[in-house]
Amino acid sequence: MSRLTRTILWLLASLIAVLAAAILFILTFDWNRAKPWINDRVSSAIGREFVIQGDLSLHWQRTEATVPPASFWARWLPWPRLQAEDLRLGNPPAFAQSGPMATVRRVTFTLNPLPLLVHKISLPSLEVQDPSVSLLRNREAVNNWTFKSSSDGPSAWQLQLGRIALRQGKLALDDAVDKINVNAAIDTLDPATERLYGLGWKLTGSFNGAPVSGQGKAGGVLSLQDPQQPYPLLAEIKVGKTAIGVRGTLTKPAQLAALDLRLSVSGASMGNLYPLTGVLLPETPPFATEGRLIGKIDAGHSEWTYEQFSGKVGQSDIHGDLRYATGGGAARPSLSGTLSSNELRFEDLAPLIGADSNAQKSERGAQERQPVDKILPVKTFSTEAWGALDADVRLTGKRIIKHKDLPINDLQAHLMLKDKVLTLAPLDFGVAGGTLSSTIRLDGQAAQMKSEISLVARKLKIQKLYPQLDASRTSFGEINGDARLSATGNSVAAMLGSANGEVKTLVNQGAISKFLLEAAGLNVGNVVISKLFGDKEVRLNCLAGDLPVRNGVMDVKTLLLDTEDALIVVDGSIDMKQEKLDLNIHPKSKGLRIISLRSPLYVSGSFRSPDVGVNKGVLALRAGGAVALGLLAPVTAILPLINIDRDQQADCAHLLDEARKAPQAPAPGKTTPNRPTPKK
């Protein structure tokens with residue numbers, strides 16, 4: 001045997017001896033002796049205590065049949081299978097008094113050794129028995145799930161997980177910032193009975209004081225590594241009166257790339273969804289919707305589309321498509337879309353301004369309550385959340401219902417929210433063969449919201465407004481009107497109580513009666529007409545009004561009713577801030593045709609409890625010339641606007657010219673200039 005041969009054999013024998021010694025060492029080594037070193041290295045890396053308190057053991061096994069080997073040699077290379085018992089992960093110092101962050105009774109995993117050569121840690125199987133994790137965040141927004149970060153840059157090692165089995169897991173979240181306190185129980189489902197889903201969970205707890213419950217299923221964790229295999233999801237969650245159901249798939253789950261779900265949502269009010277979703281929606285009656293939710297998620301940007309959804313809001317149906325997108329950097333999220341309703345009920349719009357009843361407010365979980373002595377809604381518009389997103393949404397209502405006799409045909413609205421400025425332009429209704437067009441602008445940038453409203457009513461047919469009137473007994477005319485107001489305040493009551501501007505209206509021909517006004521819900525007018533004319537129907541030739549508004553007080557510059565029996569002039573004021581009425585009604589009989597025409601009246605008191613009665617001071621002096629002068633003065637003050645014919649009927653032509661002049665409103669926060677007192 002040559003010297004070279006002996007050298008090679010000696011080297012081979014030495015290598016075999018070293019490998020044998022290494023294998024013998026690995027097989028016989030007590031791995032519990034390595035626990036202090038492992039505990040110390042892990043604790044230093046994450047910046048908090050990590051301890052393996054139980055037994056640490058290593059076993060060897062052949063390649064798992066479920067995992068294809070990387071090469072031919074992998075078939076003969078044994079894989080290490082490690083098992084650690086009683087693991088404990090501590091909390092950071094801020095939560096030291098709360099005990100450990102996580103505990104695990106047993107962790108068992110198999111390691112594929114070959115990928116270690118290319119800096120990959122491949123764990124084909126991982127089984128976790130009795131894990132318990134407690135996530136905490138205090139009122140200062142300090143949490144226990146943020147670990148120590150390294151300034152050495154990203155690690156060159158990659159982690160690949162295969163099959164994961166969770167046995168009787170528990171997860172708790174106590175978040176003082178978002179007021180969340182929930183507990184979840186997670187367990188692996190039996191593959192013999194569940195072929196689609198691999199994990200099941202149940203949820204209990206509270207959110208913002210409301211009870212939380214839910215349950216659901218998810219796919220096996222093995223599918224997380226397969227980008228071609230959609231990850232199935234199924235969940236039913238209830239938060240207070242809001243119920244959310246999802247069923248669908250997550251595409252490329254390792255990157256959270258996309259969601260495709262059937263989403264159903266129901267609750268007491270859409271406004272209650274803001275804390276859950278971050279999407280600003282209006283206050284509504286109880287609602288329920290169901291549709292397809294598609295989510296596309298990229299780094300720093302996501303798009304969510306709720307398409308072809310349908311449902312109910314109160315008694316109104318709703319359909320449409322909505323798109324919600326989160327911008328990158330400082331860009332605000334945006335909400336856009338189109339909504340439609342085949343039958344939209346007016347009472348379902350009342351929660352938008354707080355005009356629903358206190359019982360309905362309580363049902364939808366609203367905190368505010370309408371005072372019993374107030375008519376105008378006092379609900380405060382919270383504009384703080386207006387800066388959370390921009391919005392561009394269009395709404396079409398094909399049929400509007402207030403009650404069966406109010407012919408509102410349709411609704412067209414375009415809502416835009418940008419830089420905390422909410423604009424409705426247009427907000428148009430088709431009413432009684434005519435149009436009611438308006439634009440509303442609400443500026444929420446200041447603490448006290450500034451508002452502007454412009455309203456135009458054209459060619460509203462009286463016959464269509466009140467089809468119950470007998471067409472054979474009277475003629476039918478039209479209603480026209482204009483209003484322009486500006487105001488400052490965060491509720492309807494505050495806005496009207498500070499309003500400045502003008503309201504003008506004109507009605508030519510038609511009829512008025514106690515029955516008609518009662519049907520229209522005009523209780524004060526009902527009482528006034530009843531006291532003046534009794535129960536009979538009275539033909540109306542003309543009604544004209546010019547009502548300037550200053551600091552929430554509507555003064556009656558001109559309010560004239562010309563009927564077949566009398567000229568009726570109204571003066572006084574309406575204080576919308578105090579909700580007080582102070583009106584005087586002066587009837588002037590035409591000839592001697594209605595001897596029974598009542599005396600001058602007053603309307604006073606509050607909007608809630610108005611008082612209509614006879615003006616006794618004028619009645620007591622009725623025989624004197626001063627009374628006649630006082631009675632006629634309101635009429636003579638507007639004589640330049642009236643053309644009196646031989647039957648003493650007021651021609652509306654001049655009043656129409658006056659009413660056609662566009663009303664003006666100052667900028668929000670400014671007042672209407674005082675008008676000069678007309679010379680008598």
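A salt bridge is a side-chain nitrogen of Lys or Arg within 4 Å of a carboxyl oxygen of Asp or Glu. The close-ups below come from a predicted model.

**Figure 1. Glu-307 and Arg-292 form a salt bridge.** The two side chains meet at 3.3 Å, N to O. Glu-307 belongs to strand β16 (residues 301-313). Arg-292 belongs to strand β15 (residues 287-298). The pair links distant parts of the chain, 15 residues apart. Arg-292 is partly exposed, with a relative accessible area of 31%. A search of the whole structure finds 15 salt bridges.

**Figure 2. Four residues share one salt-bridge network.** The members are Arg-332, Asp-390, Lys-418 and Asp-419. Salt bridges with shared partners join these residues. Side chains of opposite charge can pair when their charged atoms come close.

**Figure 3. Asp-130 pairs with Arg-105.** The closest N and O atoms of this salt bridge are 2.7 Å apart. Asp-130 sits in the loop between β5 and β6. Arg-105 sits in strand β4. The two residues are 25 apart along the chain, and their pair links distant parts of it. Asp-130 is partly exposed, at 24% relative accessible area. Arg-105 also counts as partly exposed, with 41% relative accessibility.

**Figure 4. Arg-137 pairs with Asp-178.** In this salt bridge, the closest N and O atoms lie 3.1 Å apart. Arg-137 is in strand β6, whereas Asp-178 is in the loop between β8 and β9 (180-188), so the pair ties together parts that are 41 residues apart in sequence. Asp-178 has a relative accessible area of 40% and is partly exposed.

**Figure 5. Strand β6 pairs with β4 and with β8.** Two bridges join β4 to β6. These strands run antiparallel. Ala-102 stands opposite Val-133 of β6. Six bridges join β6 to strand β8 (residues 169-175). Here the strands run parallel. Ser-132 stands opposite Lys-170 in β8. In a regular strand the side chains alternate between the two faces of the sheet.

**Figure 6. The second largest pocket has a mainly nonpolar lining**. About 1,300 Å³ of space lies in this pocket. Its lining has 32 residues. Val-42, Phe-50, Leu-87, Val-107 and Phe-109 lie nearest the centre. One helix element, α2 (35-46), is among those giving two or more residues to the lining. Strands do so too: β1 (50-52), β2 (56-61), β3 (79-89), β4 (102-112), β5 (120-129), β6 (132-137) and β7 (158-167). By type, the lining divides into 28 nonpolar residues, three polar and one charged.

**Figure 7. The side chain of Ser-341 lies by two backbone oxygens**. Ser-341 is in strand β18 (residues 334-341). Is this residue buried or exposed? Ser-341 is buried, because its relative accessible area is 2% and buried means under 20%. A polar atom of the Ser-341 side chain lies 2.7 Å from the backbone oxygen of Asp-317. The backbone oxygen of Glu-343 lies 3.3 Å from a polar atom of the Ser-341 side chain.

Conventions. Residues numbered from 1 in each chain as written. Predicted model: local features only at pLDDT ≥ 70, side-chain atom pairs only at ≥ 80, totals over all residues. Heavy atoms only, no water. 1 Å grid on protein atoms, 1.4 Å probe; cavity = no way out; pocket = protein on both sides within 12 Å on 5 of 7 lines; lining within 4 Å. Points joined across faces, edges and corners; volume = space filled by probe spheres on them. Helix = DSSP H or I, 4+ residues; strand = E, 2+ residues; numbered from the N terminus. Nonpolar A, V, L, I, M, F, W, Y, C, P; charged D, E, K, R; others polar. Pairing = 2+ DSSP bridges. Buried < 20%, exposed > 50% of the residue type's maximum accessible area, 1.4 Å probe, protein only. Polar contact = N/O pair within 3.5 Å; in protein donor to acceptor, adjacent residues only side chain to side chain.
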